[in-house]
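Work through these exercises with the sequence and the model open side by side. Try each task before you read its solution.

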Amino acid sequence: MIRYSYMLLAAFLLLGTSAFAQEEQTEERAMGHENTNRFRQLYNEMSTPNQYRTASGAPGHAYYQNNADYKMTIELNDDTHIINGFETITYKNNSPDDLEYLWVQLDQNVREKDSPAKEKNGGGVGAVSQPGSFVGSYMKSEPFDGGFKIQEVKANGRNLNHTINWTMMRIDMPQPLKAGESYTFSIKWSYLIPEHTVDRARSGYETYKDGNKGYIIAQFFPRMAVYNDVEGWQNYQFWGNGEFALPFGDYEVDITVPKDHLLDGTGEIVNLKDVYSKEEMKRWEKAKKSYDKPVIIRTQAEAEKIAAGKMKATQTWKLRAKNVRDFAFTSSRRYIMDAQAVKFPERDVMAISIYPPEGNPLWEEYSTKAIVQTLDTYSKYTFNYPYPKAISVHAKGQGMEYPMICWNYGRPNEDGTYSDRTKFGMISVIIHEVGHNYFPMIVNSDERQWGWMDEGLDTFMQYLTEQEFGQNFPEAIKGNDAYPSRRGAPSKIVGYMKGNQEYIAPIMSNPENAFNLGANAYGKPATALNILRETVMGHELFDHAFKTYAQRWMFKHPSPEDFFRTMEDASAVDLDWFWRGWFYSTEAVDIGLKEVKQYYITDNVTESGRALLARYGVTDPSQIEAIYVVDEDSPEFTEDMRGKDMLEASPTLKEYLMDNFTPEQRAKIKTPKYLYKVVFEKPGGIPMPIIVEYEYADGSKKKVTYPAQVWRKNDAEVSKAIASDKEIVKVTVDPDLETADIDTDNNSWPKAKKLGKFDKFKNNAKGN
């Protein structure tokens with residue numbers, strides 16, 4: 001017998017037997033195509049790096065951002081619900097460009113009587129409506145007539161030409177503002193405050209049952225737009241969904257309200273002794289040293305007594321804030337307040353909760369705890385909280401954020417009882433809105449253009465914080481194994497991702513163009529980042545990269561590319577395929593099992609083996625030492641092949657080992673008894689790691705993860721050869737539901753029996 005060299009045999013085995021070879025290419029030559037590989041780089045989708053934003057995702061050596069400082073005097077009229085304001089803005093042009101004009105945002109104009117935002121959506125007559133929706137749709141009262149009333153725009157005592165284009169105002173300066181120079185001008189204005197419980201505004205007032213008002217005031221002053229290297233002027237109109245793009249600056253704000261109001265807002269109150277009672281000051285000083293529990297600053301009994309008086313006299317609260325992108329405040333005579341100190345290496349931070357009696361007992365129990373947990377968790381994964389305080393304000397139906405202050409829902413029943421749904425909803429919204437201090441109040445992304453950069457990143461961090469809250473306060477989650485997070489876990493986004501493609505937009509969409517903003521900008525990016533951390537990158541690499549991004553871009557204006565590039569730059573993990581699938585497309589994850597076959601080896605020539613050898617010029621199989629592989633459907637299969645180990649089944653293989661390995665080497669070689677081919681398929685578009693659990697006849701299990709790159713050469717299906725000393729009895733893809741797989745019916749072998757409606761009913765009746 002002529003022996004071919006073992007090199008030729010090895011080459012033959014690498015090419016594969018009929019059982020494991022890739023499908024043969026057709027003889028007909030296919031037409032050429034451009035690179036459609038899902039693992040190609042994102043060069044076409046991303047902007048070119050430059051001196052402002054580097055290829056690493058870090059700010060470049062020429063990075064700049066303009067600043068806007070504000071000095072404001074504000075008067076809130078509790079009878080007419082009108083804000084009157086005067087502001088002086090000093091705008092610093094740090095860009096290399098001369099600016100011919102400035103753009104100012106007039107966001108309250110979205111509430112004008114004839115605002116086009118009211119007609120931005122289509123719709124017909126619904127087949128069924130809830131009463132409230134029906135009234136709102138077809139029985140509308142006279143529309144609220146809000147919006148800024150601009151009374152003057154001046155510089156150096158002279159009127160400035162200005163043009164109002166709905167929610168944007170262009171200010172034409174006498175001379176272009178040159179690079180490196182500043183310009184100071186003033187605006188006088190007023191506007192009617194909406195009742196947010198009726199008008200569903202982010203800012204406004206609520207009327208309590210005793211007739212008093214609770215004010216949550218934001219977007220209340222003309223604010224400078226952002227000018228940067230990405231957009232130029234970010235003067236995209238405010239249509240209501242896309243939030244805000246704002247420059248950093250320092251604020252000096254004096255706010256006059258009724259004397260019996262309790263007020264707080266962005267920045268530090270510099271005249272605290274003038275506006276707090278002596279007892280409130282004593283309690284405040286005590287709270288500054290209380291690190292384990294809140295101190296009540298104004299009690300419920302005191303708030304209710306004060307609310308009955310309704311003083312007409314006024315007083316002015318003076319607030320000062322450094323390096324913030326916005327300003328907001330709250331004010332009411334019905335407010336209760338508590339506070340607790342949180343220790344950081346650089347400073348102590350005050351965690352403050354403000355709420356009317358309607359919020360108790362829920363708010364007194366949990367609000368400040370949620371603030372403290374948020375500051376602890378977010379700081380651990382990003383940077384230490386840099387501001388002096390974080391305030392959570394209770395407002396009916398609200399969830400909105402500003403620097404150092406936010407409004408949050410979660411109201412008990414009138415008798416003080418509340419459901420778990422109300423409790424967890426309140427804790428979650430507080431975590432989310434306080435967390436917005438990090439994204440976008442400090443890592444200052446463009447919310448108007450990229451809603452996911454603040455909402456998605458914040459919802460991801462909210463998920464981590466909720467889980468830590470559950471661990472630290474087990475009494476709050478009694479009856480639950482873990483905190484019942486509504487978003488973040490992969491299973492929570494499946495329903496959205498397998499929905500009607502006509503009503504799904506990529507994450508990389510403007511908030512105004514998303515059909516389901518909650519899923520698109522909050523849930524899906526949060527889930528994607530959770531999967532990236534848990535399944536693709538691992539905690540260590542992800543956490544380092546995420547913190548690097550946060551610290552690179554704190555107090556700056558990052559773009560989506562800056563985030564994507566930093567995550568790769570700081571981890572050495574190529575993620576272009578991940579960003580493309582999850583962020584640039586509406587595709588979903590669906591990986592399943594197409595086939596599992598057991599194979600047996602023999603020295604006897606098989607028909608399929610003969611055909612394969614012929615392809616490589618071996619016409620006489622007797623000329624080569626070869627091992628042949630058969631499955632149970634092969635004509636050469638015989639029952640006596642079962643139960644044999646490989647050396648017993650193939651003397652050729654045994655001889656090869658004896659001739660080429662020493663006894664010591666042979667002792668280390670495993671001799672598997674079973675050989676399988678597992679074929680995975682990917683009906684879904686997004687490539688993901690294949691997480692598979694093999695279960696054996698002896699009851700043991702083994703989990704294996706094949707990297708996402710396994711799909712790089714065949715996007716439809718992948719085969720894996722499994723040599724095992726134990727019999728495989730079950731194979732499960734994604735056993736712990738880590739990848740947001742939209743169809744788990746194809747995830748098991750043998751295929752799991754699908755329950756019919758009657759079986760499901762029986763199981764539910766049994767409590768299964």
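**Exercise 1. Find the bridge partner of Glu 595 in strand 27, then continue to the next strand**.

Solution. This is a predicted model, so treat each step as a reading of a prediction.
Step 1. Start at Glu 595: its bridge partner in strand 27 is Val 679.
Step 2. Place that bridge in its strands. Strand 25 covers residues 592–602, and it pairs with strand 27 in the antiparallel sense over seven bridges.
Step 3. Now go on from Val 679. Its bridge partner in strand 30 is Ser 719.
Step 4. Strand 30 spans residues 717–724 and pairs with strand 27 over eight bridges, in the antiparallel sense.
Step 5. Val 679 therefore has bridge partners in both strand 25 and strand 30.

**Exercise 2. Is strand 27 mostly covered or mostly open, and how many of its residues are buried?**

Solution. Step 1. Take the limits of the strand: residues 674–681.
Step 2. Apply the cut-off: a buried residue has under 20% relative accessible area.
Step 3. Seven of the eight residues in strand 27 pass as buried, and the strand is mostly covered.
Step 4. Keep one general point in mind: side chains in a regular strand alternate between the two faces of the sheet.

**Exercise 3. Describe the surroundings of Ala 716**.

Solution. Step 1. Locate the residue. Ala 716 sits in the loop between strand 29 and strand 30.
Step 2. Judge its cover. Its relative accessibility is 46%, so Ala 716 counts as partly exposed.
Step 3. List the contacts, leaving aside neighbours within four places in sequence. They are Phe 680, Glu 681, Lys 682 and Trp 711.
Step 4. Check one distance. Lys 682 is 34 residues from Ala 716 in sequence, yet their C-alpha atoms are 5.3 Å apart.

**Exercise 4. What is the strand order in the open sheet of four strands, and which are the edge strands?**

Solution. Step 1. Read the order: 29-28-31-32, with antiparallel pairing.
Step 2. Look at the ends. Strand 29 (701–706) and strand 32 (748–749) are the edge strands, since each pairs on one side only.
Step 3. Take one pair in detail. Strand 28, residues 690–696, runs antiparallel to strand 29, and six bridges join them.
Step 4. Pick out one bridge: Tyr 694 has Lys 702 as its partner in strand 29.

**Exercise 5. Which peptide bonds into Pro 361 and Pro 750 are cis or trans?**

Solution. Step 1. Recall the background: most peptide bonds are trans.
Step 2. Check Asn 360 to Pro 361. The bond is cis, with omega about 5 degrees.
Step 3. Place Pro 361: it lies in the loop between strand 21 (348–355) and helix 7 (362–381).
Step 4. Check Trp 749 to Pro 750. This bond is also cis, with omega near -5 degrees.
Step 5. Place Pro 750: its loop runs between strand 32 and helix 19 (757–766).

**Exercise 6. Where do Asn 323 and Met 404 lie, and is each buried or partly exposed?**

Solution. Step 1. Start with the backbone. Phi of Asn 323 is near 55 degrees, a positive value. Met 404 has a positive phi too, about 70 degrees. Neither residue is a glycine.
Step 2. Compare with the background: most residues other than glycine have a negative phi.
Step 3. Place them. Asn 323 is in strand 18, residues 314–324. Met 404 is in the loop between strand 23 (399–402) and strand 24 (405–408).
Step 4. Assign the cover. Asn 323 has a relative accessible area of 30%, so it is partly exposed. Met 404 has 1% relative accessibility, so it is buried.

**Exercise 7. What does Pro 560 touch?**

Solution. Step 1. Place Pro 560 in helix 13, residues 560–569.
Step 2. Its relative accessible area is 1%, so Pro 560 is buried.
Step 3. Leave out residues up to four places away in sequence. Pro 560 then touches Trp 450, Trp 452, Met 453 and Met 508.
Step 4. Add a long-range distance. Gly 57 is 503 residues away along the chain, and its C-alpha atom is separated from that of Pro 560 by 9.4 Å.

How values were computed:
Residues numbered from 1 in each chain as written. Predicted model: local features only at pLDDT ≥ 70, side-chain atom pairs only at ≥ 80, totals over all residues. Heavy atoms only, no water. Buried < 20%, exposed > 50% of the residue type's maximum accessible area, 1.4 Å probe, protein only. Helix = DSSP H or I, 4+ residues; strand = E, 2+ residues; numbered from the N terminus. Pairing = 2+ DSSP bridges. Contact = heavy atoms within 4.5 Å.
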